Amino acid sequence: MSDGGSGPTRPTRPSGSTESSESSGSTGPTRSTRRPETGLLGDPMSAPEQSVDFLTELFRHPLDAGYSDAAAARERIGEPTVRLRRSGFVLRTLTLVATGLLLVVAYQQTVAAEPEAAKTRASLVQDVTARQAETDAQQRQAEALRNEAAKLRDAIVGPNASALDQAEARTGLGAVTGAGAVVTLASGPAPTNPVTGQEQANDQGHIVDFDLQVISNELWRDGAEAISINGQRLIATSTIRAAGSAILVDLAPLSEPYVIQAVGPPTMTGALTKSAVGNFYDYLATTYGVHFSVRSTSDLTLPAAADPGLRYATPLTAPSAPTTRSPATTESPRSTPPEGGP
Amino acid sequence: MYAVLAMIAGIALGVILEPTVPVALQPYLPIAVVAALDAVFGGIRARLDGIFDDKQFVISFVSNVLVAALIVYLGDQLGVGGQLSTGVVVVLGVRIFGNVAAIRRHLFKA
């Protein structure tokens with residue numbers, strides 16, 4: 001492979017152009033003798049080519065100068081011995097094997113990297129859904145336990161139980177049922193750039209936390225006694241906030257569509273639709289495609305809010321707290337095993 | 001053609017063994033591939049020019065891969081790894097194109 005055409009008939013470098021007067025067979029040796037003259041400039045190029053800038057040079061003569069130098073040396077010294085040629089063959093073969101290996105390894109890496117990312121994402125999603133299911137189960141358990149506690153307490157309190165229930169319903173600590181209104185709110189389609197087809201940044205029809213705040217406040221004003229948004233009961237200390245693009249009600253993230261259920265007087269639906277807020281959202285619906293609907297219903301059940309806990313009050317019987325602090329603490333030991341379990 | 005056979009052997013070896021690359025070396029793999037391709041195309045062109053040399057080929061292969069990896073490593077340490085990678089790819093890409101053009105002239109006289 002290395003011999004045969006070692007007399008370069010085709011000059012690979014411009015040095016050939018200045019030496020074109022010489023016979024092609026002697027190009028090699030001549031070049032190697034020329035070398036010391038141009039050696040200071042680092043590249044054994046002929047004089048006219050030295051002014052050419054680097055990139056043009058790169059484009060014109062991409063071959064390693066070493067090849068022609070080696071050919072020249074061969075011309076001068078003669079063909080390598082059989083042993084040298086054999087070791088060269090072995091080295092060359094090894095290099096090519098390494099090249100093939102490199103190619104296939106790189107290919108496999110590239111192919112493997114893609115599912116890896118997808119796999120990670122899928123496992124994260126699975127984690128999230130599992131944790132959500134866990135939270136839901138625990139919430140249901142807490143609710144059941146609270147109902148149980150309420151029943152037991154009613155049995156103890158006796159005649160004043162209904163007043164207590166009323167107070168609980170008002171404060172959101174107890175579930176309520178009754179007639180009321182259901183407001184459904186969902187973002188309109190994001191406007192797209194007519195040229196690129198991409199979604200535009202200023203999305204006027206996007207529902208934000210403020211919308212839910214405004215509508216809940218309007219419902220309170222119209223006489224609502226209890227409100228829940230996507231099953232999250234609002235109480236006096238509830239917050240409706242935005243975290244990034246998500247809306248949080250008391251730290252629970254909501255997703256569209258937002259369903260606001262309100263238990264209240266039958267006039268509530270009409271009051272809401274006639275109010276400034278109702279008109280505003282009607283306008284948004286017609287202008288930006290926001291989904292906004294209000295309907296009255298006779299049968300609503302709103303869940304109790306999560307127990308806010310006591311912040312400042314402490315039980316009177318402090319010394320014997322572990323046994324007598326019944327309503328607050330008997331619940332928590334019972335609910336801890338499922339928390340710590342999985 | 002021993003060269004093609006050797007390369008196929010390498011590919012087969014890779015498919016069979018499925019070697020895993022350490023995470024630390026993974027960023028250098030694409031650059032190493034481009035550098036290796038440059039050496040291979042340079043070798044093919046030299047072969048067609050009739051001035052192929054085993055030593056030159058092996059050394060250019062090894063040094064190409066090492067220098068490319070070194071430059072990228074240096075760039076990573078300096079915080080300009082992406083830009084230096086691009087630079088290496090551009091230079092090697094230009095060389096590959098030039099060599100392929102020369103090979104094309106050899107093979108098709110065009």
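**Close-up views of a predicted two-chain model**

**View 1. Overall make-up of chain B and chain A.** Followed from the beginning of its sequence to the end, chain B shows the pattern α-α-α-α, which agrees with its content of 4 helices and 0 strands. The coordinates are those of a predicted model. Of the 110 residues in chain B, 45% count as buried, and among its contacts between residues at least 6 apart in sequence, 71% join residues at least 24 apart. Chain A, by contrast, contains 12 helices and 8 strands; of its 342 residues, 31% count as buried, while 70% of its contacts between residues at least 6 apart in sequence join residues at least 24 apart.

**View 2. The packing of helices α2 and α3 in chain B.** Helix α2(B), residues 29-49, packs against helix α3(B), residues 54-78, with the axes 8 Å apart and at an angle of about 155 degrees. Because this angle is over 145 degrees, α2(B) is roughly antiparallel to α3(B). The crossing of the two helices is right-handed. On the side of α2(B), the contact is formed by B:Ile31, B:Ala32, B:Ala35, B:Ala36, B:Asp38, B:Ala39, B:Val40 and B:Gly43, and on the side of α3(B) by B:Phe57, B:Ser60, B:Phe61, B:Asn64, B:Val65, B:Ala68, B:Ala69 and B:Val72. Sorted by character, the residues of this contact between α2(B) and α3(B) comprise 12 nonpolar, 3 polar and 1 charged.

**View 3. The open sheet of chain A.** In chain A, 5 strands make up an open sheet whose order is β3-β2-β7-β1-β8, with antiparallel pairing. The edges are taken by β3 (232-233) and β8 (291-302) of chain A, each of which pairs on one side only.

**View 4. Strand β2 of chain A between its partners β7 and β3.** Strand β2(A), residues 226-229, runs antiparallel to strand β7(A), residues 258-263, and is joined to β7(A) by 4 bridges. Within this pairing, A:Ile227 has A:Ala262 of β7(A) as its bridge partner, and A:Ile229 stands opposite A:Ile260 of β7(A). Strand β2(A) is also joined to β3(A), again in antiparallel fashion, by 2 bridges, and here A:Ile229 stands opposite A:Gln232 of β3(A). Both faces of β2(A) are covered, since A:Ala226 and A:Ser228 on one side are buried, as are A:Ile227 and A:Ile229 on the other.

**View 5. The hairpin of strands β2 and β3 in chain A.** The hairpin formed by β2(A) and β3(A) has 2 residues between the strands, and in this hairpin A:Asn230 adopts a positive phi near 50 degrees. The strand β3(A) that follows in the hairpin, residues 232-233, is one of the edge strands of the sheet.

**View 6. The contact of helices α8 and α9 in chain A.** The axes of helix α8(A), residues 267-274, and helix α9(A), residues 276-288, come within 4 Å and cross at roughly 60 degrees, and α8(A) and α9(A) are therefore oblique to each other. In this contact, A:Leu272, A:Thr273 and A:Lys274 of α8(A) meet A:Ala276, A:Gly278 and A:Asn279 of α9(A). The residues of the contact of α8(A) with α9(A) fall into 2 nonpolar, 3 polar and 1 charged.

Conventions:
Residues are numbered from 1 along each chain as its sequence is written. Chains are lettered from A and ligands numbered from 1 in the order in which they are written. This is a predicted model: local features need pLDDT of at least 70, side-chain atom pairs count only at pLDDT 80 or more; totals for chains, interfaces and linings use all residues. Side-chain values use heavy atoms; hydrogens and water are left out. Axes are lines fitted to C-alpha atoms, for helices over the stretch in contact, and angles run from 0 to 180 degrees between N-to-C directions. Angles under 35 degrees count as roughly parallel, over 145 as roughly antiparallel, 65 to 115 as roughly perpendicular and the rest as oblique. Contact means heavy atoms within 4.5 Å. Ala, Val, Leu, Ile, Met, Phe, Trp, Tyr, Cys and Pro count as nonpolar, Asp, Glu, Lys and Arg as charged, and the others, Gly among them, as polar. Two strands pair if DSSP finds at least two bridges between them. Buried means under 20% relative accessible area, exposed over 50%, partly exposed in between (1.4 Å probe, protein chains only). A crossing is left-handed if the near helix is turned anticlockwise from the far one by less than a right angle, and right-handed if clockwise.
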